[in-house]
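Good morning, and thank you for coming. I would like to take you through one structure, beginning with a helix and moving on to the chain contact.

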Amino acid sequence: MVEALTIVLAAGVTRGWRSALFGLGAAVVVLTAIVAVLGPALTLIPISALRLVVGALLLAFGLQWLRKAILRASGFKALHDEAAIYAEELAEARTAGREERAGMDWYGFTLSFKGVLLEGLEVAFIVVTFGSAQGNIALAAVAAGAALVLVATVGVLVRAPLARVPENTLKFAVGVMLTTFGIFWSAEGAGADWPGGDASLPGVLIFVIAVSFASVVLLRRRRVAVAAA
Amino acid sequence: MSHVAAFGRFWWDFVVGDDWRAAAGVLVAIGITAALAAAGLAAWWFLPPAVAVVLWLSLRRAVAQEERS
């Protein structure tokens with residue numbers, strides 16, 4: 001959401017707010033439609049099969065997030081710099097040609113629409129998978145909507161990319177949560193019985209956190225050793 | 001590229017990402033968990049360490065690639 005805000009701000013500042021906000025609105029409509037169609041469709045699948053599929057998807061998806069966050073935290077990958085990305089988007093948007101369609105700057109609309117849609121798909125994916133596996137898509141959608149309103153409000157207030165948000169820490173936390181639920185649900189879906197049922201979820205969470213921090217420590221040591229050699 | 005291929009490519013990148021071996025490792029680990037459960041054995045303990053191994057191998061590949069470049 002933070003990245004989407006950066007793109008909408010860049011589109012609004014350089015190409016006009018009308019086209020940027022129309023692009024944002026159109027993308028939110030598409031994302032809402034995706035959740036509205038996919039969510040109820042997924043709840044028709046038997047819960048064990050659903051947890052197996054959703055768990056496997058979350059695990060593959062969560063490991064991607066966790067891997068990137070660990071590489072960033074250990075210095076093997078550059079940290080996300082929203083201010084630099086914003087400057088890059090601004091420069092690109094300023095040099096692009098102007099094409100008016102239906103009274104709107106088409107470049108600004110497309111930039112905003114694509115940015116929000118692509119970044120928002122990750123959110124829609126999490127809403128649909130978490131919501132369907134827990135049988136409460138509405139609650140997951142409301143939580144995502146609240147986060148969207150929070151990011152948009154802060155964005156409007158500061159009128160700048162949210163450069164001070166500890167983005168890698170947030171992504172690290174999201175990666176840990178996705179991986180934890182992915183392990184829990186996919187094992188359940190595969191037929192395993194967790195000792196204590198849902199009560200073992202915190203244990204899985206602690207395990208994933210411990211493995212992630214140990215990975216960061218080991219990779220940092222390796223980085224220092226390579227730099228010293 | 002056809003629209004179907006582009007659509008497939010997008011979802012592949014979205015879910016699998018740049019390390020397909022990690023995603024394959026996850027599927028193998030879930031398969032072994034299912035096999036243990038089907039055999040009537042305790043299966044819950046297998047997936048967490050298996051995921052830790054998959055993650056560590058994926059990190060090692062990324063670091064090796066980073067160090068080569």
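What covers the buried residues of H8(A)? Before I reply, a word on the material. This is a predicted model, in which local features need pLDDT of at least 70 and side-chain atom pairs count only at pLDDT 80 or more, while totals for chains, interfaces and linings use all residues. Residues are numbered from 1 along each chain as its sequence is written, and chains are lettered from A and ligands numbered from 1 in the order in which they are written.

The cover of the buried residues of H8(A) includes H3 and H7 of chain A, together with helix H3 (47-68) of chain B. Helices here are DSSP runs of H or I with at least four residues, and strands are runs of E with at least two, numbered from the N terminus. A residue is buried if 20 or more other C-beta atoms lie within 10 Å of its own, exposed if 12 or fewer, and partly exposed in between, with C-beta atoms placed from the backbone. In H8(A), the buried residues are A:Val204, A:Val208, A:Val211, A:Ser212, A:Ser215 and A:Leu219. The expected span of a helix is 1.5 Å times one less than its number of residues. For the 28 residues of H8(A) that gives 40 Å, and the end C-alpha atoms are 41 Å apart, which agrees.

Let me place this helix in its chain. Chain A has eight helices and two strands, in the order α-α-α-α-β-β-α-α-α-α along the sequence. Its C-alpha trace spans about 60 × 60 × 25 Å along the principal axes. Of the 229 residues in chain A, 40% are buried.

I turn now to the contact between the chains. Two residues are in contact if their C-beta atoms, placed from the backbone, lie within 7 Å. Chain A contributes 30 residues and chain B 28 residues. On the chain A side, helix H3 (47-73), helix H7 (167-189) and helix H8 (201-228) each supply at least two residues. The largest share, eleven residues, comes from H3(A). By class, that side of chain A has 22 nonpolar, five polar and three charged residues. In this scheme Ala, Val, Leu, Ile, Met, Phe, Trp, Tyr, Cys and Pro count as nonpolar, Asp, Glu, Lys and Arg as charged, and the others, Gly among them, as polar.

How do H3(A) and H3(B) cross? Their axes come within 10 Å and cross at roughly 50°. That makes H3(A) oblique to H3(B), since angles under 35 degrees count as roughly parallel, over 145 as roughly antiparallel, 65 to 115 as roughly perpendicular and the rest as oblique. Residues of H3(A) in this contact include A:Leu59, A:Leu63 and A:Arg67, and those of H3(B) include B:Val51, B:Leu55 and B:Ser58. The contact of these two helices has ten nonpolar, one polar and one charged residues.

One residue of H3(A) deserves separate mention: A:Ala60. A:Ala60 counts as buried because it has 26 C-beta neighbours inside 10 Å. Leaving aside neighbours within four places in sequence, A:Ala60 is in contact with B:Val15, B:Val16, B:Ala23 and B:Val26.

Finally, is helix H1 of chain B well covered or hardly covered? H1(B) is hardly covered, with zero buried residues among its 13. After H1(B) comes B:Gly17, whose phi is positive, near 75°.

Terms used
Axes are lines fitted to C-alpha atoms, for helices over the stretch in contact, and angles run from 0 to 180 degrees between N-to-C directions.
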